[in-house]
Amino acid sequence: MRVDVAAGQVPKRSPPAVAIPADLSRVMGIAFSDQQLAAITAPMEPGLVVAGAGTGKTTVMAARVVWLVATGQVAADRVLGLTFTTKAAAELSRRVRAFLARAGLVGVPGSVVSDDEEAAEPTVLTYHAYAARLLAEHGLRVGFEPDTRVISDASRFQLAASAARRFEGAVDHLTTWLPTTVTGLLALDAELSEHLVEPADVRAFQRHEAALWAAGRQTTAVRKVLAACDQRTELLALVELYRRIKAERGVMDFSDQMAGAARLAEARSEVGTLERERFTLVLLDEYQDTSVAQARLLRALYSDGVDPGGRGHPVTAVGDPCQAIYGWRGASVGNIERFPAHFRQADGPVGPEAEAVRYPLSVNRRSCRRILQTANVVAAPLHADFPGAEPLVPGTGVAEGEVRLAVLETYQDELDFLAAEVRRAGAERAVSWSEIAVLARDNASIADIHDRLVASGVPVEVVGLSGLLHMPEVIEVVSTLQVLSDVTANPALLTLLAGPRWAIG
């Protein structure tokens, strides 16, 4: 398929009408529930799929693409899918490709193909990769240099540390330990970008709020709030210096990338026009974890947030407000609750009757009945706060399952009980070790759990970087690097001296 880059136009062509049997479940090889079929075959208009845990949201997204391509409503290469991680993007892309092939829509005579005879497939990207592409293609419209380089987390820390060392202003309230200051600097910079807020806005807000707190009764809690305001004021000055250093070196981080793309989309409505011509259907995964900047970017491109002509563009968001866990990194659960109002249908007056339709998915295919009953009791307050989320129900033929609770006297008793239960599960149920999962409440206990399971003869794989950082051998390596980098890193030095190599007690 040829694209006129200079004009920014994508030549239009109608997708071929491909017949598909009425029994979509048989074609896909999956027994879809009525809820899933309703979401899959929904009209080409904005819609919100509120998908509970284990209800098959990725399968529904992939099957919706197959349905719309098969019924001639959209061409496969005019579908855009966005998700958060590269792994999730690869999984969604793989499923879409497999379903299209299973339905005979790609890779066979009469399938949707581009001019060079290669199968045309949907575009599946992470949100940040999509923002990067927008800046590369349209950044010059707002003076953004396309050769700006995205730096890694390690480089971010180095630049922030450089900014802290170069800062010449007064520092009266921040900690004197550089890593803590740098961590706070980076967190504040990222939050400002994710919320599209400038340091001047935060200063104005703090001046107003601090005066109100100062006029109240000076309890310990109030004094902590005022101290936090003083620290944040000094951090804002460091953030401004850090941003100047990034501009001088022609670099940016992922938060800058997303904020830049959002400001681009809001400033130039023609960018949204071109993107809507390029992508007839848009799928948004894990929408409950999008930030303010991401939501504003998508609304500017694919709704009437900037251009009235964007109203009613077919956007299907998938997510669950009960699974929103990334507020600490700028995510706003309010985005998914406001989606129906932000992405309205093309027809009808402005009001609730024009809001996007909600499609619930509540049939869980992953867990047994008693597990779901327990989960619903725990999540009951969330279901009360978010009317769009429904309690989970088991699928047909699901086993009863087992839920047990143990109250033990000591921490060591808990570790012993856990090791015994894991060995019992492996012996009685004849399952492999890789099919048993142990969830810890915090990362600090992972090393103890690992050691106790290994001592009982159970092979263990620690999943995730945070857990690995608490492993003894990894702690040794990290402590060595910290001492080499900073001769005043006393905790790291003590870890090495008391460790197995030096063993100085």
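Buried here means under 20% relative accessible area, exposed means over 50%, and partly exposed is what falls in between, using a 1.4 Å probe and protein chains only. Helices (H or I, at least four residues) and strands (E, at least two) are DSSP runs, numbered from the N terminus. With that in hand, take strand 7: five of its five residues are buried, so the strand is largely enclosed by the rest of the structure.

A word on the model itself. It is predicted, so local features need pLDDT of at least 70 and side-chain atom pairs count only at pLDDT 80 or more, while totals for chains, interfaces and linings use all residues. Residues are numbered from 1 along each chain as its sequence is written, and side-chain values use heavy atoms, with hydrogens and water left out.

## The sheet around strand 7

Strand 7 (315–319) is covered on both faces: Val315, Ala317 and Gly319 are buried on one side, and Thr316 and Val318 are buried on the other. That back-and-forth fits a general habit. In a regular strand the side chains alternate between the two faces of the sheet.

The strand belongs to an open sheet of six strands with parallel pairing, in the order 3-2-6-7-1-8. Two strands pair if DSSP finds at least two bridges between them. The edges are strand 3 (123–126) and strand 8 (357–361); each has a single partner strand, so one side of each is left without a neighbour in the sheet. On average, neighbouring strands are turned by 15° against each other, direction ignored. Axes for such angles are lines fitted to C-alpha atoms, for helices over the stretch in contact, and angles run from 0 to 180 degrees between N-to-C directions.

Here are three of the parallel pairings, each with one residue pair.

| Strands | Bridges | Residues opposite each other |
|---|---|---|
| Strand 2 and strand 3 | Four | Leucine 80 and threonine 123 |
| Strand 1 and strand 7 | Four | Glycine 47 and threonine 316 |
| Strand 6 and strand 7 | Three | Leucine 283 and threonine 316 |

Threonine 316 turns up twice: it is the bridge partner of glycine 47, and leucine 283 stands opposite it too.

Helix 13 (residues 334–342) lies across strand 1 (47–51), strand 6 (281–284), strand 7 and strand 8, and runs at about 150° to strand 1. Contact here means heavy atoms within 4.5 Å.

## Aromatic pairs

How many aromatic pairs does a search of the whole structure find? Three. Rings of Phe, Tyr and Trp (its six-membered ring) pair if their centres lie within 6.5 Å; planes under 30 degrees apart count as stacked, over 60 as edge-to-face and the rest as tilted.

Phenylalanine 84 and tyrosine 127 make a tilted pair, at 4.8 Å centre to centre with 55° between the planes. Phenylalanine 84 sits in the loop between strand 2 and helix 4 (86–102), and tyrosine 127 sits in helix 5 (residues 127–138), so this pair ties together parts that are 43 residues apart in sequence. Both rings belong to buried residues: phenylalanine 84 has 19% relative accessibility, and tyrosine 127 has 3%.

Phenylalanine 339 and phenylalanine 343 have ring centres 4.5 Å apart and planes at 20°, so they count as stacked. Both of these phenylalanines, 339 and 343, are buried. Ring pairs also bring in Tyr287, linking it with Phe339 and Phe343 into a cluster.

## Helix 16

Helix 16 (residues 411–428) has 18 residues and reaches 26 Å from its first C-alpha to its last, close to the 26 Å expected at 1.5 Å a residue. That expected span is 1.5 Å times one less than the number of residues.

Which residues of helix 16 are buried? They are Leu415, Ala419, Glu421, Val422, Ala425 and Gly426. Seen down the helix axis, they fall within an arc of 165°, so they line one face of helix 16; the arc is that of the directions from the axis to the C-beta atoms. The buried residues pack against helix 17 (446–455). On the other side, Ala427 and Glu428 are exposed.

## Positive phi angles

Most residues other than glycine have a negative phi. Just after helix 16, alanine 430 goes against that, with a positive phi of about 55°. Glutamate 286 has a positive phi of about 50°; it is found in the loop between strand 6 and helix 12 (292–302) and is partly exposed, at 23% relative accessible area. Alanine 503, in the segment after helix 20 (490–497), has a positive phi near 50° and is exposed, at 54%.
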